[in-house]
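Please look over the model below before reading on. The notes that follow are grouped by topic.

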Amino acid sequence: MANEYFLQTTLDEVLVTSLADYGKQVTDNVYNANVFLKLLVTKGRKKLINGGASIIRQLVDEKQNNGGFYLGNDTLSTNQTDTLNAVEYKWQNAYEPIQINRDEERQNSGDEHRLINLLETKIKLSELAMSNRLEQALSTPTTGANNLIDLETLVNTGTLGSIAGATSTFWQATVAASGAFATQGLTDMTTNYYAVSGAQMLENPDLFITTKTVFQKFENTRLPLERFQNVTTANAGFESLTFKGKTVTYGNYIGSGLFFGLNTNYVDLVVDSMTDMITTPFVIPTNQTAKVAFILWRGNQITDNRRRNFKLTSIT
């Protein structure tokens, strides 16, 4: 009985210590395994916020025009039109379990290295599942409640956050139906790029993401000398080309026939600083002979300037 108690205590200590050691690695691995997450983080668009009831962003919904030119003792207007608005987004939560059952414990008890290897495998499986879950939820509408804001919803004209795009036209992205990429794809990309751009580089789309099929069609339109690869994206382990000198890549869960032109200066992945891929302690459920920990994440994808993004649909 003494040995059994000693082994069980040692086992728990190894699990707790090893899981804590993997904490930072879990965060890096989840973000790095997902092309869209990786690009947002690389561009500095992952924003950590210390909680709160919701995510609030201030907006400017129209230009201010209260000043002017004057001479000598001309009377100056003291009025300032209220051009500010605000949008509110909900926090959303994601989780993935890490479970070691009683049989696995006993098969690996008495050998710390085997137990650590088992835990490594379990964590890797959970990391991959969490990365896939987030990539899918950020890319396309998924079934069920409490999902993230996806690209199809963000780059659209309907309600987003607390503002209805149907009645607030400043809160609409550009959405255009395309067609056969070989005959009109590049024209549509160029037309809609300029439709959402401004004279300053800050106002122009700087990331294009589509499906693998459309990406291949885009690649086929490039002359060999024009197939410039984005070095930053390549170094991150993702395949990409360029358009207007900006990254063109593809995601695993982008909806069929879609092509997004994003201005990442106005697209943020807001994350709760205290729930950023954290791992919880192992606990024993009352109805299972297993120990379970969780990877937890809390955040959402948001924008504060929706009209600087475009989406092409129905590409064949």
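The points below cover a sheet, the helices that lie on it, one further helix and two backbone angles. This is a predicted model. An open sheet of four strands gives the frame for the first two groups. Helix H7 and the residues Lys244 and Met277 follow.

**The sheet**

- The strand order is S1-S10-S11-S4, and the pairing is mixed.
- Strands S1 (46-49) and S4 (92-101) stand at the edges. Each has a single partner strand, so one side of each is left without a neighbour in the sheet.
- From one strand to the next, the twist averages 30°.
- S4 and strand S11 (residues 290-303) run antiparallel and are joined by ten bridges.
- In this pairing, Tyr95 stands opposite Leu296 of S11.

**Helices lying across the sheet**

- Helix H3 (residues 35-42) lies across S1, S10 (267-279) and S11. Its direction is at about 105° to S10.
- Helix H5 (residues 112-139) lies across S4, S10 and S11. H5 runs at about 160° to S4.
- Strands S10 and S11 therefore appear in the lists for H3 and for H5.

**Helix H7: two faces**

- Which residues of helix H7 (residues 181-195) are buried? They are Phe181, Gly185, Asp188, Met189, Asn192 and Tyr193.
- Seen down the axis of H7, these buried residues fall within an arc of 125°, so they line one face of the helix.
- The general rule behind such a pattern is that an α-helix has 3.6 residues a turn, so residues three or four places apart point the same way.
- Thr183, Tyr194 and Ala195 are exposed. They sit on the face of H7 turned away from its buried side.

**Positive phi outside glycine**

- Lys244 has a positive phi of about 55°, although it is not a glycine.
- Where does Lys244 lie? It is in the loop between strand S7 (241-243) and strand S8 (246-250).
- Lys244 has 36% relative accessibility, so it counts as partly exposed. The partly exposed class runs between the 20% and 50% cut-offs.
- Met277 is also not a glycine, and its phi is positive, near 60°.
- Met277 lies in a strand, S10.
- Is Met277 buried or exposed? Met277 is buried, at a relative accessible area of 1%. The cut-off for buried is under 20%.

Terms used
Residues are numbered from 1 along each chain as its sequence is written. This is a predicted model: local features need pLDDT of at least 70, side-chain atom pairs count only at pLDDT 80 or more; totals for chains, interfaces and linings use all residues. Side-chain values use heavy atoms; hydrogens and water are left out. Two strands pair if DSSP finds at least two bridges between them. Axes are lines fitted to C-alpha atoms, for helices over the stretch in contact, and angles run from 0 to 180 degrees between N-to-C directions. Contact means heavy atoms within 4.5 Å. Buried means under 20% relative accessible area, exposed over 50%, partly exposed in between (1.4 Å probe, protein chains only). The arc is that of the directions from the helix axis to the C-beta atoms.
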